[in-house]
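Me: Please take a close look at how the strands pair here. I'd like to hear what packs around them too, as one joined-up story.

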Amino acid sequence: MTATPAILSAAELKSELAGPRPPVLLDVRWQLGGPDQRPAYEAGHLPGAVYVDLDRELAGPAGSGGRHPLPDPEAFGAVMRRAGVSAHAPVVVYDGGQGWAAARAWWLLRWTGHPGVRVLDGGLAAWTAAGGAVTAERVTPEEGDFKPTPGAIGLLDADGAAERARAGVLLDARAGERYRGEVEPIDPVGGHIPGALSAPTAQNVGPDGRFLPAAALRARFTGLGVADGTPVGVYCGSGVSGAQQVLALEVAGIAADLYAGSWSEWSADPARPVATGPDPR
């Protein structure tokens with residue numbers, strides 16, 4: 001794992017922005033099935049922050065690889081350079097507060113080799129609660145020099161996720177009712193990957209949207225069977241909230257691989273087995 005902490009507080013970000021080496025800021029506000037968040041960004045964002053669109057710039061076209069397949073690395077690199085991201089300059093990502101979208105950007109930058117990216121804990125809400133300023137000023141950053149090198153952290157495909165469920169721990173980050181197959185509002189089939197354990201992302205954060213302390217997160221994941229040396233994988237609906245789970249695991253000091261295609265890819269293949277109910281298998 002990188003020596004750079006995965007998250008930082010609003011107070012820490014304020015201090016860094018006032019220092020000699022301020023980080024590049026990326027605003028990745030997004031709502032699943034909701035309206036475009038660019039108007040919200042234009043109405044008020046952290047000073048200097050550049051908006052990045054999750055659906056268009058942090059994912060490829062939906063298809064057999066899922067609803068939010070990974071973007072083409074070169075296209076992703078071009079987006080990051082336009083946003084001012086450079087290889088050896090710190091980056092801080094934030095969203096509206098739930099941490100899903102910010103974690104997606106964090107994971108992609110980590111996977112493509114950026115050594116210094118963090119998520120603002122609690123997102124925009126934490127920033128404003130701490131008295132942080134927002135602005136509607138247009139931001140035109142200097143072009144960055146970041147060039148992606150995919151593979152810096154672990155990525156699973158469907159077969160790898162199935163193997164992880166058999167020979168390690170595979171965590172399903174969706175809500176429990178979707179894991180059990182009681183409801184499925186988005187994908188064609190309800191249920192979960194056989195052997196996966198239910199671990200909803202809502203339990204990674206407190207009422208204020210900030211991550212639980214590292215010790216509490218570690219206790220949570222240990223209770224799910226994650227032990228030192230256990231290979232861990234995470235999936236969700238389409239690889240977005242699962243990134244938040246990977247981030248929570250990182251805060252807890254646990255490395256994990258993301259199955260980016262997630263349930264939207266798995267359930268689209270009728271040859272893949274599906275489990276339902278509260279039990280993993």
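Reply: Let's settle the pairing rule: two strands count as paired if DSSP finds at least two bridges between them. The strands themselves are DSSP runs of E with at least two residues, while helices are H or I runs of at least four, and both are numbered from the N terminus. Bear in mind that this is a predicted model, where local features need pLDDT of at least 70, side-chain atom pairs count only at pLDDT 80 or more, and totals for chains, interfaces and linings use all residues. Residues are numbered from 1 along each chain as its sequence is written, and side-chain values use heavy atoms, with hydrogens and water left out.

Start with the open sheet. Five strands pair in parallel, in the order β1-β5-β4-β2-β3. At the edges you find β1 (7–8) and β3 (50–51); each has a single partner strand, so one side of each has no neighbour in the sheet. For β1, the pairing with β5 (residues 117–120) is parallel and comes to two bridges, with leucine 8 facing leucine 120 as its bridge partner in β5.

Now move to β2. It shares four bridges with β4, running parallel, and another two with β3, also in the parallel sense. Leucine 26 is a handy anchor: it stands opposite valine 93 in β4 and opposite valine 50 in β3. Both faces of β2 are covered, with Val24 and Leu26 buried on one side and Leu25 and Asp27 buried on the other. Buried here means under 20% relative accessible area, against over 50% for exposed and partly exposed in between (1.4 Å probe, protein chains only).

What lies across these strands? Helix α5 does: it crosses β2 (24–27), β4 (91–94) and β5, at about 175° to β5. (Axes are lines fitted to C-alpha atoms, for helices over the stretch in contact, and angles run from 0 to 180 degrees between N-to-C directions; contact means heavy atoms within 4.5 Å.) The helix covers residues 100–111, and its end C-alpha atoms sit 16 Å apart, which agrees with the 16 Å expected for twelve residues. That expected span is 1.5 Å times one less than the number of residues. Eleven of the twelve α5 residues are buried, so the rest of the structure largely encloses the helix. Among the buried ones are two arginines, Arg104 and Arg110, along with Trp106, Trp107 and Trp111. Just past the helix, glycine 113 has a positive phi of about 100°.

The aromatics deserve a moment. There are three aromatic pairs in the structure. One of them is tryptophan 107 with tryptophan 111, stacked at 5.5 Å centre to centre with 10° between the planes. (Rings of Phe, Tyr and Trp, using its six-membered ring, pair if their centres lie within 6.5 Å; planes under 30 degrees apart are stacked, over 60 edge-to-face, the rest tilted.) The two tryptophans are four residues apart in α5, so about one helical turn separates them. Tryptophan 107 is buried at 0% relative accessibility, and tryptophan 111 is buried at 9%.

Tyrosine 235 and tyrosine 259 make a tilted pair, 6.5 Å centre to centre and 55° between the planes. This one links distant parts of the chain, from β9 (residues 232–235) to β10 (residues 257–259), 24 residues apart. Tyrosine 235 is buried at 0%, and tyrosine 259 is buried at 0%.

β9 brings us to β7 (residues 169–172), since four bridges join the two in parallel, with leucine 171 facing valine 234. β7 also pairs with β8 in the parallel sense over two bridges, and there aspartate 172 stands opposite serine 198. Both faces of β7 are covered: Val169 and Leu171 are buried on one side, Leu170 and Asp172 on the other.

Asp172 and Tyr235 meet again at histidine 192, whose contacts beyond four places in sequence include both of them, plus Trp263 and Arg281. Histidine 192 sits in the loop between α8 (176–180) and β8 (197–198), and at 0% relative accessible area it is buried. Its side chain reaches the backbone oxygen of proline 280 at 2.8 Å, and the backbone oxygen of aspartate 279 lies 3.1 Å from a polar atom of that side chain.

Note on methods
Polar contact = N/O pair within 3.5 Å; in protein donor to acceptor, adjacent residues only side chain to side chain.
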